[in-house]
Amino acid sequence: MEHLGSGKAKRLATLLSGLVECMCFAGVIFGWASLVYVLKDLHYFRDLCVPIANQTANSTLDEDCRAQDEQFSLVFTIGSFMNNFMTFPTGYIFDRFGTTVARLLAISSYTTGTLLIAFSTEATALILFPALCLLSVGGILLILTNMQVGNLFGKHRSTIITLYNGAFDSSSFVFLIIKLLYEQGLTLNTMFLFISACSAWHLVRTFFFMPRYHIPYPLPPGYAYGMSCQRRSCSYRTYEEQRPKNSNEDETLSASDTLHADSVLGEEHLTTKVIPGEGNPGAASNSKKPAIVSFWSCVLSKLFFWNLVWLSVMQLRHYLFIGTLNPMLERLAGQDAALVSSYTNAFAFTQFCGVICAPWNGLILDRHKHGQKKEGSSQEVPDSLADLRSCVLSLVITVLQCMAFSICASIPVLPVQYATFILQVLSRSFLYGGNAAFLAVAFPLEHFGKLYGLVMGLSAVVALLQYPAFTLIKGPLKGDPFYVNIGFIVLMLLALVHPLVVFRECKQQQKQQAKQHNSDSPPLTAEKSGLESSI
């Protein structure tokens, strides 16, 4: 009992410490609008501003800073591109080498990025390009290694995955805090040196509250992880490999024997792949061995392709909004710096609420899954199909939220932007949490890191279109993004194809299982009728 109590306490500590890590560090670059305000005040890229023609000799306030805005937008474009594009190689590192190696790489990248910003100046403003890229790579590795914590909590798995993605979104408020502290007199150097020093926190979590390799799903009895384990790390790559192949032998194991075996076996012994939703592979010794789904068969599937389209369209919309927020507010506020600062603070504050909004998506997934399982209990609907069907509602809601956000962003009225901020954080929280949860339930678990990295990397290539879109707004459209916003509303209809494809796939799987169930029934019926006739 004491062992079980300490295990629960450690899992809770892992959950909460991971939540703090994601909320305070992982996605800070998405608070870019707040940091731009500080960087402009420190005259970063100020040399790109040019005096407006025909101004009087006494007027020195009017300058054309479109080139400065474009440079800041380019920094964010490259940073956000790296945030997604590098997810594939980092996902491979996570799958291949495990949690410890991935997190040490994350900590190194993140610390280097914060140190570069800390020692940057107006003269070395170009250092922001590598700095933001390193922050992006470090942050995405932190969230990637933390999402597996959901495996520790069974039926609440989707809720925790979306909670962590919401915390990732909320971490953009860190740059708001930097902006507010800067206005109170703290220097950029001091604040980023403090963030660099927080790497000690990441190291503590890496060695004491995270596994050496991966947290399995489903979780084996007596599972332990971290440096508190005796002799070696007790985390596993998969569950199945530590289980006996003979189901009869498995049933005779006592709880104490199982607990002892789990605590002694190291993850070095575990390499068998897990296929989510296939049930217990050792449940029947005579049953067929489940087919192993290859990585490329997942990549070439319709589900993966339309999930990529679904993510890419909406992510591009969010990135363009964040990257152009500061010049948009300046235009709507008539260059009133105090008003721009007030709306920038409001935007950053709503981003903090992402950690509150994201679990709603997880609750929709988990509760809808339980409802699907109850409806299909008489038809013996497997977990994999119930998981997939539960995603449809979540995918549709996410698209509708993004469309509502785009409509509000198209209205050139400053007070309406408060509604835009709220809808944007709701949509973004559902987007990334829903993407991670969908990949976790629709494809085999051993491919999660690679698939998550690949879909984020490919969507990053699409996200590069934000810079030409920004140039279009600043150039031919003369700073008015109205027509671009309308184009995105129309493009958003393409994202609705994904939930339709998932729904159709669920129907097909359900029909196949019904046929299989019916094909097994006739022999039993014939045998029963034969017995009745003989009687």
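Which helix holds glutamate 330? Glutamate 330 is found in helix α15, which spans residues 325-332. The model described here is predicted.

## Glutamate 330 and lysine 40

Glutamate 330 has a relative accessibility of 19%, and because the cut-off for a buried residue is under 20%, glutamate 330 counts as buried. Its partner is buried as well: the description applies to both glutamate 330 and lysine 40. The side chains of these two residues meet in a salt bridge, with an N to O distance of 3.3 Å. Glutamate 330 lies in helix α15 and lysine 40 in helix α2 (residues 32-41), so the pair ties together parts that are 290 residues apart in sequence.

The side chains of glutamate 330 and lysine 40 are also joined by a polar contact of 3.3 Å. With neighbours within four places in sequence left aside, glutamate 330 is in contact with Lys40, Asp69, Gln335 and Val340.

## Other salt bridges

How many salt bridges does the structure hold? There are six. One of them is formed by the side chains of arginine 205 and glutamate 21, at 2.9 Å from N to O. Arginine 205 belongs to helix α10 (residues 199-208) and glutamate 21 to helix α1 (residues 2-26), so this pair ties together parts that are 184 residues apart in sequence. Arginine 205 is buried, with a relative accessible area of 1%, and glutamate 21 is buried with a relative accessible area of 0%.

Aspartate 95 and lysine 450 also meet through their side chains in a salt bridge, at 3.4 Å from N to O. This pair links distant parts of the chain, with aspartate 95 in helix α4 (residues 87-97) and lysine 450 in helix α20 (residues 448-463), 355 residues apart. Aspartate 95 counts as buried at 19% relative accessibility, and lysine 450 counts as buried at 15%. Elsewhere, Glu21, Arg103 and Arg205 are joined into one network by salt bridges that share partners.

## Nonpolar cores

The largest nonpolar core has 117 residues. Within this core, the residues with the most contacts are Trp32, Ile178, Leu188, Phe192 and Tyr452. Which helix gives the most to this core? Helix α14 (residues 302-323) does, with eleven residues. Another core, of seven residues, lies apart from the largest one, and among its members are Leu316, Leu320, Ile473 and Phe488.

What does phenylalanine 192 touch, not counting residues up to four places away in sequence? Its contacts are Leu35, Thr114, Ile117, Ala118, Phe175 and Ile178. Both phenylalanine 192 and Ile178 are listed with the most contacts inside the largest core.

## The two sides of helix α22

Helix α22 covers residues 482-491, and Val484, Asn485, Phe488 and Ile489 are buried in it. Why do these buried residues line one face of the helix? Seen down the axis of α22, they fall within an arc of 145 degrees, so they line one face. An α-helix has 3.6 residues a turn, so residues three or four places apart point the same way.

On the other side of α22, Tyr483 and Val490 are exposed. Phe488, one of the buried residues of α22, is also among the members of the seven-residue core.

Terms used:
Residues numbered from 1 in each chain as written. Predicted model: local features only at pLDDT ≥ 70, side-chain atom pairs only at ≥ 80, totals over all residues. Heavy atoms only, no water. Buried < 20%, exposed > 50% of the residue type's maximum accessible area, 1.4 Å probe, protein only. Helix = DSSP H or I, 4+ residues; strand = E, 2+ residues; numbered from the N terminus. Arc of directions from axis to C-beta. Polar contact = N/O pair within 3.5 Å; in protein donor to acceptor, adjacent residues only side chain to side chain. Contact = heavy atoms within 4.5 Å. Core = buried A, V, L, I, M, F, W, Y, C linked by side-chain atoms within 4.5 Å. Salt bridge = Lys/Arg side-chain N within 4 Å of Asp/Glu carboxyl O.
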